[in-house]
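Here are two short exercises to work through with the structure open beside you. Try each task before you read its solution.

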Amino acid sequence: MSAYPQLFRPLDLPGVQLPNRILMGSMHTGLEARPDGMPRLAAFYAERAKGGAALIATGGFSPNDAGELSAHRAQMSTKEDAERHKPVPRAVHDAGGRIVLQILHSGRYGFHQDIVAPSALKSGINPRPPRELAAPEIEQTIGDFVRAAVLAQVAGYDGVEIMGSEGYLITQFLALRTNQRKDDWGGSLENRMRFALEIVRQTRAATGPHFIIVFRISALDLVEGGLSGAETVQLAKAIERAGATLLNTGIGWHEARIPTIAQAVPRAGFAWAARRIREAVKIPVIASNRINAPEIAEDILARGDADMVSLARAMLSDADFANKSKAGDRAGINICIACNQACLDHYFIGQPASCVVNPRAGRETSLVFIPVKSKKKIAVVGGGPAGLSCAAVAAERGHEVTLFERAAELGGQFNLAKKIPGKQEFAESVAYYGERLRRAGARVLLNHPATRAELAQFDEVVLATGIVPRKPAIPGLDHRSVTGYVDLLSGRAQAGRNVVILGAGGIGFDVALYLLERSSRAALEFKEFNRHWGISEDSSVSGGLSLEGAEKPHENLKITMLKRSTTPFGSTLGRTTGWVHRTELLRNGVDMIKGVEYRKIDDAGVHIAAEGKETLIVADTVIVCAGQDSFVPFSREAKNLHLIGGAKEAGELDAKRAMLEGAELAARL
Ligand SMILES: Cc1cc2nc3c(=O)[nH]c(=O)nc-3n(C[C@H](O)[C@H](O)[C@H](O)COP(=O)(O)O)c2cc1C
Ligand code: SF4
């Protein structure tokens, strides 16, 4: 029997049996609209089907022009589209899996010229106001959804997922926040539900009894004027009656100011909201968000919160998640650390989605690790993200790899990152890569700085020696109040009550969060998280927002962040996570001053000039987070020498680039 019996119980649906309870959640990969997108998507999904996911949902495809997310065309609206899609379901079926096409109409969240919505109300996250849909256009849009489903059937998909959450068009019809129509599509909840219900009802009628129709319902809107839990339950029941096969859940509108997928969200932090729906319907309900490990999924199912689990990013970080879980190989799973850096953040910069800890994700056809014909002796110096990635792939390809690490443990900068509240997930990556090295037979030498003589024995030498923190030229930097972030985070130095942080890049923010944990605590359990961010479990309140608001911060610590540049604070942080950190710091009264000239540091604190004024920032502790320089302890000249990660380029700490460079180099060696 599997170590996770609930997860690997088959699930009977009309006309089909799923072998387990794992849905690969919908992710727009950025490949959808590319000319070479479909073959790449086919390879991407086939790997996940082969890896054991029972059912896969594609990223969102629009049923018409108005519903596009951006100006790039990712649609299912013509016979040609159906033809173009055919390789995707075929590849998944060949790999033994099943796949549904997600139909997503962006409504007022579209970033193009002609965006539409139930009412002409602009969203706070889109500068462009939508045009109000005329009643005949609403009927037409329903027809477009149905046409997309029929075309999906023609293309060979096993079903569709109708996207009714996250604040897209269907949700915009449901909520008073965005639907202020006076006709039959607005006003009462019955009227507002009609759009969703007609889509499901007509799709079922057009596609027959065995076509899988997943409806992704917004289990929690997390915006003012959103549905209450009780209204959501009413909707769920009506969707069931309209003919849906499965109810997947989504959490929070995109305009919500509460984290829903970042590391700050506890694992399985929203499963309770799925349970509320499950208790009201008979069709299977799927829990979603921050389910990244088999034991977490198993607990959700065992508690009865849901019948299935959706894993989206966890399927980027490990295509074989399901098979490894089934085999009880927990240590062999590459856990998603919820950093968003290579997946969701990529969406906003127009790059295909990948994964920091699994650079092959999205590169299935280009980054291929082929077993080597002639074995080389390879030294990898440094066991941080770049070195781990390189050493693991090189050893798995069949090379004889020795990893030199001068510290007592593997992990490098990941070991500092895991000390930050909400970033504990980094420990998973270090453990996983250590395990891969062990299984691939790499020799790992800890507490062992490599010497020139040792390196002379190897065919190839990879320097993944990382960075050293930079010391800015400020008079008084040697004052006893001054400490480096490495000393602070590794527990060698303590901070007082008046702290000044010099620098406001990723590390400056991390340090501030680390210090605040002692005053405001990390939210690691869902009830604590809900209190912290002002989420209500009371099903009578609109949008699931607590009437009392978010927890008040403690006031026994004063932090001031300073930086020389005049760019906004947090502008170098991830698009989808930076605002969470900024919000947390501002709520805790952290002062942020930019455009600073440093004068000196002394017993009184940090003397600065800002906005033409000389000022003293009182401080008993000054923490330097002023960037870093590459650390390359050997000559860069040797022919067989390769530099990767921070050793190659310091800048902002960048685990994504480091791990990709490590894997790419190892694929070539
Ligand atoms: C890169 C990326 C793209 C996404 N695109 C979609 C999408 O097209 N449709 C959708 O319903 N959800 C989309 N999501 C949200 C996921 O389905 C899921 O709700 C979210 O990632 C939280 O679940 P997880 O913790 O399992 O990743 C996307 C998420 C990511 C990371
Ligand atoms: S990039 Fe980060 S959040 Fe995205 S899948 Fe990989 S580990 Fe998870």
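**Exercise 1: the ligand site**

Which polar backbone atom lies 2.7 Å from an oxygen atom of ligand 1, that is, to which residue does it belong?

Solution. Keep in mind that this is a predicted model.

Step 1. Start with the backbone: the polar atom in question belongs to Arg-290, 2.7 Å from a ligand 1 oxygen.

Step 2. Now turn to side chains. Arg-216 places a polar side-chain atom 2.7 Å from an oxygen atom of ligand 1. For Gln-102, a side-chain N or O atom is 2.7 Å from a nitrogen atom of the ligand.

Step 3. Next, look at the cover. On its own, ligand 1 has 600 Å² of accessible area, and the protein covers 94% of it. Two elements, β4 (55-61) and β12 (308-311), give two or more residues each to the surrounding shell.

Step 4. Finish with the composition of the shell: eight residues are nonpolar, eight are polar and four are charged.

**Exercise 2: one side of a helix**

Find the buried residues of helix α3 (residues 87-94) and work out where around the axis they lie.

Solution.

Step 1. Taking buried as under 20% relative accessible area, you should arrive at Val-88, Pro-89 and Val-92.

Step 2. These residues are on the same side of α3, because they cover an arc of only 90° around the axis. In general, an α-helix has 3.6 residues a turn, so residues three or four places apart point the same way.

Step 3. Now see what this buried set packs against: α1 (37-50), β4, α2 (79-85), β5 (99-103) and α4 (135-155).

Step 4. Finally, step past the helix to Gly-96, which follows α3 and has a positive phi near 90°.

Notes: Residues numbered from 1 in each chain as written. Chains lettered and ligands numbered in written order. Predicted model: local features only at pLDDT ≥ 70, side-chain atom pairs only at ≥ 80, totals over all residues. Heavy atoms only, no water. Polar contact = N/O pair within 3.5 Å; in protein donor to acceptor, adjacent residues only side chain to side chain. Areas by Shrake-Rupley, 256 points an atom, 1.4 Å probe, with all protein chains shown as cover. Helix = DSSP H or I, 4+ residues; strand = E, 2+ residues; numbered from the N terminus. Nonpolar A, V, L, I, M, F, W, Y, C, P; charged D, E, K, R; others polar. Buried < 20%, exposed > 50% of the residue type's maximum accessible area, 1.4 Å probe, protein only. Arc of directions from axis to C-beta. Contact = heavy atoms within 4.5 Å.
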